[in-house]
Amino acid sequence: MTVGELSVVVHRDADVLAAAAAARLMVRIVDAQQARGTASIVLTGGGVGIGTLKALNASPARDAIDWGALDIWWGDERYLAAGDPERNEVQATEALLDHVPVDPARVHRMPADTGSAPESAAEQYADELSKAARAGASLPKFDVLMLGVGPEGHIASIFPESPAAYDEGLVTAVRNCPKPPPTRISLTFGTITSADEVWLLAAGAGKAEAVGLALAGAGRVQIPAAGARGGVRTLWLVDEAAAVNVPPNLRLRRS
């Protein structure tokens, strides 16, 4: 695995963080589309993740994006019935996707629970990823893959010491998750680290310990956020409360 540069940007609070992440995401998408005509991103749920999508929707610059030339994926999903308000894709649709002219065929939602085992749903999503892969690759190109960070250091639905942390496939089913709902689907470390850029979003004092441990070199099984690295760049976007343990040499700037 190629590992790119690592840096941290600290913002005043969660609202500023979400607005800044939205601005960065717009620029990254537009740059990718200008370079090759298309772009591909991976979304995350959570307060800051959905807040970023709301800020993007509210921006007057959102129409700089060619929404019909954007592939949208998810890093993980709650394995619940279609339309359940706890599903990440439902929240993302309400926050942004219902308001912009995306191509429905390029919005790659993880399967909902229809009574099948989550393992089958994970295989289905892995197959969708493989079909969208570049020539000679097993995965599509991800320009930006966004992740929330849990207070114990989880990313996507990879929790500390969980079987998902060891899964070498593309997508994994997660059972008995320590945070409800207990059944989920998640990208694996191998898929996450294939992205050009991985952005980790964390706000609040409750995330400070996990952020500090991840940046101090903890193992990815113990602190999964430590294993989320992009091939070109890994960018931590955090607020002041979550940044108290960030080494000063890693900070890019404050706002």
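1. Let's start at Pro-118, which, leaving out residues up to four places away in sequence, touches Tyr-79, Ala-173, Arg-175, Thr-183, Arg-184 and Ile-185. Bear in mind that this is a predicted model. Pro-118 sits in helix α4, and it counts as buried because its relative accessible area is 4%, under the 20% cut-off. One of its partners is a long way off along the chain: Thr-183 is 65 residues from Pro-118 in sequence, yet the two C-alpha atoms are 7.4 Å apart in space.

2. Now for the sheet around there. Three strands make an open sheet in the order β4-β7-β6, with antiparallel pairing. The edges are β4 (76-78) and β6, each of which pairs on one side only. On average, neighbouring strands in this sheet are turned by 15° against each other, ignoring direction. Helix α4 packs on the sheet and touches β6 and β7, and its direction makes about 160° with that of β6.

3. Strand β6 (residues 171-174) deserves a look of its own. As a general point, side chains in a regular strand alternate between the two faces of the sheet. In β6 both faces are covered: Val-171 and Ala-173 are buried on one side, and Thr-172 and Val-174 are buried on the other. Ala-173 is also among the contacts of Pro-118. The antiparallel pairing of β6 with β7 (residues 184-187) runs over 4 bridges, and Val-171 has Leu-187 as its bridge partner in β7.

4. Between β6 and β7, check the prolines. Pro-180 and Pro-181 are joined by a cis peptide bond, with omega about -5°. Pro-181 belongs to the loop between those two strands. For background, most peptide bonds are trans, and most residues other than glycine have a negative phi.

5. The loop between β5 and β6 has some backbone angles to flag too. Ala-156, found in that loop, has a phi near 45°, a positive value in a residue that isn't glycine. Ala-156 is classed as buried because its relative accessible area is 8%. Glu-161 lies in the loop between β5 and β6 as well, and its phi is also positive, at about 65°, although it is not a glycine. If you're scrolling through the model, have a look at both.

6. Which aromatic rings pair up? The count comes to 2 aromatic pairs. In one of them, Trp-73 and Tyr-125 meet edge-to-face, 5.8 Å centre to centre and with 75° between the planes. This pair links distant parts of the chain, with Trp-73 in strand β3 (residues 70-74) and Tyr-125 in helix α4 (residues 118-131), 52 residues apart. Both of these residues, Trp-73 and Tyr-125, are buried.

7. Trp-73 also forms an edge-to-face pair with Phe-142, at 6.3 Å centre to centre and 70° between the planes. Trp-73 is in strand β3 while Phe-142 is in the loop between α4 and β5 (144-148), so this pair ties together parts that are 69 residues apart in sequence. Trp-73 counts as buried because its relative accessibility is 1%, and Phe-142 counts as buried because its value is 0%. Taken together, ring pairs link Trp-73, Tyr-125 and Phe-142 into a cluster.

8. Over to helix α2 (residues 46-58). This helix has 13 residues and reaches 18 Å from first C-alpha to last, close to the 18 Å expected at 1.5 Å a residue. Its buried residues are Val-48, Gly-49, Ile-50, Gly-51, Thr-52, Leu-53, Leu-56 and Asn-57. What do they pack against? The buried residues of α2 pack against α1 (14-36), β2 (39-43), α3 (88-95) and β8 (197-202).

9. Thr-52 is a handy residue to click on in α2. Why does Thr-52 count as buried? Because its relative accessibility is 0%, under the 20% cut-off. Apart from neighbours within four places in sequence, Thr-52 is in contact with Ala-18, Ala-21, Ala-22 and Leu-201.

10. Last, the annotation. UniProt, in an unreviewed entry, places the feature "domain: Glucosamine/galactosamine-6-phosphate isomerase" at residues 13-236. In the model, that span is 31% helix and 16% strand, and its end C-alpha atoms lie 14 Å apart.

Conventions:
Residues are numbered from 1 along each chain as its sequence is written. This is a predicted model: local features need pLDDT of at least 70, side-chain atom pairs count only at pLDDT 80 or more; totals for chains, interfaces and linings use all residues. Side-chain values use heavy atoms; hydrogens and water are left out. UniProt positions are given in the numbering used here, feature names are shortened, and annotations may be inferred rather than shown by experiment. Rings of Phe, Tyr and Trp (its six-membered ring) pair if their centres lie within 6.5 Å; planes under 30 degrees apart count as stacked, over 60 as edge-to-face and the rest as tilted. Buried means under 20% relative accessible area, exposed over 50%, partly exposed in between (1.4 Å probe, protein chains only). The expected span of a helix is 1.5 Å times one less than its number of residues. Contact means heavy atoms within 4.5 Å. Two strands pair if DSSP finds at least two bridges between them. Axes are lines fitted to C-alpha atoms, for helices over the stretch in contact, and angles run from 0 to 180 degrees between N-to-C directions.
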